[in-house]
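Please walk me through this structure, one question at a time. Short answers are fine, as long as the cut-offs are given.

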Amino acid sequence: MTMMHLPSHSDRDVVLGREIDDLLLRLRGLVLLRDLLAERGATAAEIDEHAREADRVRTQLAALIGGHEGAAAA
């Protein structure tokens, strides 16, 4: 008889926690880079591109934290 390991709620929490940590790290990097680009005289288009990506990451974070993981893939 073999025992099958079914993912527990805590396994899901670990994976979800890692996803949230990764997104938070990515968001922080985007915000820091956006500010650095602004300081160094980057074009408005370059700065806006980083701001839009940061907004997308914020949306993904909100979806994960709110429990709507399917929306996080957007």
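**Salt bridges, helices and core**

Q: What relative accessibility does Arg-26 have?
A: Arg-26 counts as partly exposed. Buried means under 20% relative accessible area, exposed means over 50%, and partly exposed lies in between (1.4 Å probe, protein chains only). The value for Arg-26 is 43%.

Q: What is the mean pLDDT of the protein chain?
A: This is a predicted model, in which local features need pLDDT of at least 70, side-chain atom pairs count only at pLDDT 80 or more, and totals for chains, interfaces and linings use all residues. Residues are numbered from 1 along each chain as its sequence is written, and side-chain values use heavy atoms, leaving out hydrogens and water. pLDDT is the predictor's confidence in each residue, from 0 to 100. In the protein chain, 70% of residues reach 70 or more, and the mean is 81.

Q: How many helices does the protein chain have?
A: Helices (H or I, at least four residues) and strands (E, at least two) are DSSP runs, numbered from the N terminus. The elements run α-α-α from the N terminus on. Strands number 0, while helices number 3.

Q: In which helix is confidence highest?
A: Helix α3, residues 69-72, has the lowest confidence, at a mean of 52. The top mean is 94, and it belongs to α2.

Q: Which residue of helix α1 meets Glu-53 in a salt bridge?
A: A salt bridge puts a side-chain nitrogen of Lys or Arg within 4 Å of a carboxyl oxygen of Asp or Glu. Here the N to O distance is 2.4 Å. Glu-53 lies in helix α2 and its partner in helix α1 (residues 9-39), so the pair ties together parts that are 27 residues apart in sequence. The partner is Arg-26.

Q: Is Glu-53 buried or exposed?
A: Glu-53 sits in helix α2, residues 44-65. Its relative accessible area is 18%. Glu-53 therefore counts as buried.

Q: Which residues does Glu-53 contact, leaving aside neighbours within four places in sequence?
A: Contact means heavy atoms within 4.5 Å. Two residues qualify under that rule: Arg-26 and Leu-30.

Q: Which residue 3 residues away in helix α2 pairs with Glu-53?
A: The two are separated by about one helical turn. Their side chains meet in a salt bridge at 2.7 Å, N to O. At 43% relative accessibility, the partner counts as partly exposed. That partner is Arg-56.

Q: Which residues are linked in a network of salt bridges?
A: Glu-53 meets Arg-26 in a salt bridge. Glu-53 also meets Arg-56 in one. The network links Arg-26, Glu-53 and Arg-56.

Q: How far apart are the closest N and O atoms of Arg-58 and Asp-55?
A: These residues are 3 apart in helix α2, so about one helical turn separates them. Arg-58 is partly exposed at 37%, and Asp-55 is partly exposed at 44%. They form a salt bridge with a closest N and O separation of 2.8 Å.

Q: How many salt bridges does a search of the whole structure find?
A: Among them are Glu-53 with Arg-26 and Arg-58 with Asp-55. The whole structure holds 4.

Q: Which residues does His-50 touch, not counting those up to four places away in sequence?
A: His-50 is found in helix α2. At 17% relative accessibility, His-50 counts as buried. The list is Leu-30, Leu-33, Arg-34 and Leu-37.

Q: Which element gives the most to the largest nonpolar core?
A: A nonpolar core is a set of buried Ala, Val, Leu, Ile, Met, Phe, Trp, Tyr and Cys residues joined through side-chain atoms within 4.5 Å. The largest has 9 residues, including Leu-16, Ile-20, Ala-54 and Val-57. The elements giving two or more residues to this core are α1 and α2. With 5 residues, the top contributor is α1.

Q: Which residues does Ile-20 touch, not counting those up to four places away in sequence?
A: Ile-20 is part of the largest nonpolar core. In soluble globular proteins, nonpolar side chains tend to be buried together. Ile-20 touches Leu-61, Leu-64 and Ile-65.

Q: What share of the 74 residues is buried?
A: The count covers the protein chain. Buried residues make up 20%.
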